[in-house]
Amino acid sequence: MTEGKTLFERIGGMNAINASVDIFYKKVLGDESIKHFFTNTDIEKQTGKQKAFLAYAFGAPMAYTGKNMKDAHAHMNLTEAHFNAVAGHLVATLKELNVEQDLIDEVVVIAMSTKNAILGSKSE
Ligand code: HEM
């Protein structure tokens, strides 16, 4: 019976988020097209922030106290290609962890909902 459960619960809770984000940043930092954005980043802290954000975005009953996606990525001049690379690493991570495709589809919808804010679209 999964009816009414948040994506956070259905995907496996904090353990699943923790495992995903750890693998995700290994992929991001191994990607020549985007790793330069993280040169001055404390990856341990960033990993913690990303875990908190994803838990919140997937419906965990917890407050997110970090920056909003627009402020967090302002002035980075991110392009659609950068965004797609990061989103692709997220999906690849979830596939690697054998997350069901319908749950991955839900994650993609949530990830795409942040795109305009992250790319600094005028419409946001
Ligand atoms: C679905 C897409 C994305 C999500 C959900 C996301 C999420 C986040 C979060 C939660 C933070 C921390 C905000 C804070 O400081 O409170 C952050 C910061 C950051 N993000 Fe993203 N992000 C995404 C896409 C991207 C992309 C495409 C890039 C570049 C290729 C990127 C590069 C960064 C960098 C460099 C920081 C700052 C790290 C620092 O403080 O040193 N992000 N992001």
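A residue counts as buried if 20 or more other C-beta atoms lie within 10 Å of its own. Keep that cut-off in mind for the views below, which come from a predicted model.

**View 1. Phe-24, a buried residue in helix α2.** Phe-24 sits in helix α2. Is Phe-24 buried or exposed? Count its C-beta neighbours inside 10 Å and you get 22, so Phe-24 goes down as buried. Now skip the neighbours within four places in sequence and see what else Phe-24 touches: His-89, Leu-90 and Thr-93 are in contact with it. Ala-87 is worth finding too, as it is 63 residues away from Phe-24 along the chain, yet the two C-alpha atoms are separated by 9.7 Å.

**View 2. Thr-39, an exposed residue in a loop.** Move along to the loop between α2 and α3, and you will find Thr-39 there. Thr-39 has 6 C-beta neighbours inside 10 Å, and a residue with 12 or fewer is exposed, so that is how Thr-39 counts. For a sense of distance, pick out His-82, which is 43 residues from Thr-39 along the chain. The C-alpha atoms of this pair are separated by 15 Å.

**View 3. Helix α3, from end to end.** Here we follow α3, which covers residues 43-57. How does the span of α3 fit with its 15 residues? At 1.5 Å a residue, α3 should span 21 Å, and its end C-alpha atoms are 20 Å apart, so the two agree. Along the helix, Gln-50, Phe-53, Leu-54 and Ala-55 are buried. The cover over these buried residues includes α1 (7-11) and α2 (13-29). A handy thing to remember while you look: an α-helix has 3.6 residues a turn, so residues three or four places apart point the same way. After α3 comes Gly-59, with a positive phi near 100°.

**View 4. The largest nonpolar core.** This core has 14 residues. Which of them have the most contacts inside it? They are Ile-17, Leu-54, Ala-55 and Phe-58. The elements that give two or more residues to this core are α1, α2, α3 and α5. Of these, α2 gives the most, with five residues. Zoom in on Leu-54 and, leaving aside its neighbours within four places in sequence, you will see it in contact with Ile-17 and Val-21.

**View 5. The shell around the ligand.** How many residues surround the ligand? There are 20, and the closest are Thr-41, Phe-53, Gly-66, Lys-67 and Ala-72. Three elements give two or more residues to this shell: α3 (43-57), α4 (69-73) and α5 (80-96). Sort the shell by type and you get eleven nonpolar residues, seven polar and two charged. Phe-53 links this view with View 3, being one of the residues closest to the ligand and also one of the buried residues of α3.

**View 6. Stepping back to the protein chain.** Let's put the close-ups in context. The protein chain has seven helices and zero strands. Its radius of gyration is 14 Å, close to the 14 Å that the globule rule gives for 124 residues, so the chain is as compact as a globular protein of that length. Along its principal axes, the C-alpha trace spans about 45 × 30 × 25 Å. Buried residues make up 15% of the 124 residues. Finally, take the contacts between residues at least 6 apart in sequence: 71% of them join residues at least 24 apart.

Terms used
Residues numbered from 1 in each chain as written. Predicted model: local features only at pLDDT ≥ 70, side-chain atom pairs only at ≥ 80, totals over all residues. Near = placed C-beta within 6 Å. Helix = DSSP H or I, 4+ residues; strand = E, 2+ residues; numbered from the N terminus. Nonpolar A, V, L, I, M, F, W, Y, C, P; charged D, E, K, R; others polar. Expected span 1.5 Å × (residues − 1). Contact = placed C-beta atoms within 7 Å. Rg over C-alpha atoms; globule rule 2.2 N^0.38 Å. Core = buried A, V, L, I, M, F, W, Y, C linked by C-beta atoms within 7 Å.
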